[in-house]
Amino acid sequence: MRIAVTGSIATDHLMTFPGRFADQLVADQLHTVSLSFLVDNLDVRRGGVGPNICFGMGQLGGTPILVGAAGYDFDEYRGWLDRHGVDTNSVRISEVLHTARFVCTTDKDHNQIGSFYTGAMSEARLIELKAVADRVGGLDLVLIGADDPEAMLRHTEECKTRGIPFAADFSQQIARMGGDDIRTLLEGAAYLFSNEYEKGLIESKTGWTDAEILSRVGHRVTTLGSRGVRIERVGEDPIEVGCPEETAKVDPTGVGDAFRAGFLTGLSWGVGLERAAQVGCMLATLVIETLGTQEYTLRRANFMDRFKKAYGEEATAEVQSHLN
């Protein structure tokens with residue numbers, strides 16, 4: 001399968017302040033705050049839902065097509081993704097804007113002061129999926145992830161117009177979108193991804209019941225945190241898959257993206273929904289054990305040993321040949 005992944009492309013600049021923000025604030029001067037914090041370290045991480053998902057698919061041996069907008073400072077990040085199996089030739093490079101950036105300082109009490117710079121992400125709305133499809137010889141599935149809201153709507157409408165199957169995965173952007181936009185983004189999707197909280201928010205904002213939403217999509221895929229994932233389809237029993245046991249819970253950031261990477265890769269292998277979900281849960285477990293969304297290494301023998309322990313010999317036999 002030729003799978004394109006649209007979504008934000010960003011870098012995270014994370015700093016740690018050894019004191020407390022509260023100790024630096026003067027109660028009667030909050031209307032004229034002017035503060036500078038001397039931080040102990042700077043951790044620059046690659047991020048954005050599009051690259052996170054594509055990186056995971058590349059780790060599993062796929063060649064996902066990343067679709068999004070980045071700045072003229074993208075060269076180093078592009079090189080990293082290229083080396084890890086991602087097709088970056090459909091990334092739009094802005095001539096005037098930096099790649100989107102999240103800058104955050106955390107104090108010793110885990111309070112945070114952060115800023116998100118949209119930057120080149122706003123140009124994602126200028127990307128035509130037809131050009132992507134023509135370049136790679138057609139698209140079998142487009143995942144429409146959290147991105148510039150106008151881009152998400154445009155990509156969805158283009159998929160519908162051109163008959164390209166798509167997966168709706170608006171995650172972080174659901175908070176700022178109204179019911180009309182959410183209804184547009186999900187109706188007709190082959191797959192609708194969300195976590196449990198987002199599932200309820202989707203129903204609240206659209207005014208549609210769970211059953212009504214399920215009737216409008218092919219499959220509803222709901223991640224359940226440590227309990228795994230549930231996949232639903234009209235007229236069929238739900239499929240529920242649990243998570244493998246993790247060695248440590250280091251950082252939950254990017255776990256959902258890793259699940260999607262494994263699930264989409266499983267679909268491309270043709271192993272069926274349950275096996276695809278198991279691959280997704282196994283990959284998500286690797287990410288929760290690692291600091292950073294793209295800092296894990298998939299060692300195939302170890303991956304399959306843990307997969308077998310979690311899901312058994314039959315599941316392992318079905319997945320093994322594809323991973324090799």
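**Helices, salt bridges and surface in a predicted model**

User: On the other side of H10, away from the buried residues, which residues are exposed?

Analyst: This model is predicted. Exposed here means over 50% relative accessible area. On the other side of H10, the residues that are exposed are Ala301, Asp305 and Lys309.

User: Which residues of H10 are buried, and how wide is the arc within which they fall?

Analyst: In H10 the buried residues are Phe303, Met304, Arg306, Phe307 and Tyr311. Viewed down the helix axis, the buried residues of H10 line one face, because they fall within an arc of 165°.

User: What covers the buried residues of H10?

Analyst: The buried residues in question are Phe303, Met304, Arg306, Phe307 and Tyr311. Their cover includes strand E13 (239–241), helix H9 (273–288) and helix H11 (313–323).

User: How far apart are the end C-alpha atoms of H10?

Analyst: Helix H10 has twelve residues, 300–311. At 1.5 Å a residue, H10 should span 16 Å. The end C-alpha atoms agree with this, being apart by 16 Å.

User: Which residue just after H10 takes a positive phi?

Analyst: Most residues other than glycine have a negative phi. The residue just after H10 has a positive phi of about 95°, and it is a glycine, Gly312.

User: Which residue has a positive phi although it is not a glycine?

Analyst: The residue lies in the loop between E9 and H5. At 13% relative accessibility it counts as buried, since the cut-off for buried is under 20%. Its phi is about 25°, and the residue is Ser171.

User: What distance separates the end C-alpha atoms of H4?

Analyst: Helix H4 runs over residues 149–162, which is 14 residues. At 1.5 Å a residue, the expected span of H4 is 20 Å. The end C-alpha atoms agree with that figure, at 20 Å.

User: Which elements are included in what covers the buried residues of H4?

Analyst: The buried residues of H4 are Pro149, Ala151, Met152, Leu153, His155, Thr156, Glu158 and Cys159. What covers them includes strand E1 (3–6), helix H3 (129–136), strand E8 (141–145), strand E9 (166–169) and helix H5 (179–186).

User: Why do the buried residues of H6 line one face of the helix?

Analyst: The buried residues of H6 (residues 196–206) are Glu198, Lys199, Ile202, Glu203 and Thr206. Seen down the axis, these residues line one face of H6 because they fall within an arc of 140°.

User: Which exposed residues does the face of H6 turned away from its buried side carry?

Analyst: The buried side of H6 packs against H5, strand E10 (191–195), helix H7 (210–214), strand E11 (219–223) and strand E12 (229–232). The face turned away from that side carries the exposed residues Tyr197 and Ser204.

User: Asp87 and Arg135 meet in a salt bridge; how many residues apart in sequence are the parts that this pair ties together?

Analyst: The side chains of Asp87 and Arg135 meet at 3.1 Å, N to O. Asp87 lies in the loop between helix H2 (75–83) and strand E5 (91–93), while Arg135 lies in helix H3, so the pair ties together parts whose separation in sequence, in residues, is 48.

User: Which residue of the Asp87 and Arg135 pair counts as buried?

Analyst: Arg135 is partly exposed, with a relative accessible area of 37%. The residue that counts as buried, at 14% relative accessibility, is Asp87.

User: With which residue does Arg125 form a salt bridge?

Analyst: Arg125 is partly exposed, at a relative accessible area of 34%. Its partner counts as buried, with 5% relative accessibility. The closest N and O atoms are 2.7 Å apart, and the partner is Asp148.

User: In which helix do both Arg183 and Asp180 lie?

Analyst: The side chains of Arg183 and Asp180 meet in a salt bridge of 2.3 Å, N to O. Arg183 is partly exposed at 23%, whereas Asp180 counts as exposed at 55%. The two residues are three residues apart, about one turn, and both lie in helix H5.

User: Which residues form the nonpolar patch on the surface?

Analyst: One member, Leu25, is partly exposed, with a relative accessible area of 43%. Leu25 is found in the loop between strand E2 (10–16) and strand E3 (41–47). The patch has about 350 Å² of accessible area together, and its residues are Leu25, Leu30, Val33 and Leu35.

Methods
Residues numbered from 1 in each chain as written. Predicted model: local features only at pLDDT ≥ 70, side-chain atom pairs only at ≥ 80, totals over all residues. Heavy atoms only, no water. Patch = residues over 30% accessible without salt bridge, like charges linked within 9 Å, V, L, I, M, F, W, Y side chains within 5 Å. Areas by Shrake-Rupley, 256 points an atom, 1.4 Å probe, with all protein chains shown as cover. Salt bridge = Lys/Arg side-chain N within 4 Å of Asp/Glu carboxyl O. Helix = DSSP H or I, 4+ residues; strand = E, 2+ residues; numbered from the N terminus. Buried < 20%, exposed > 50% of the residue type's maximum accessible area, 1.4 Å probe, protein only. Expected span 1.5 Å × (residues − 1). Contact = heavy atoms within 4.5 Å. Arc of directions from axis to C-beta.
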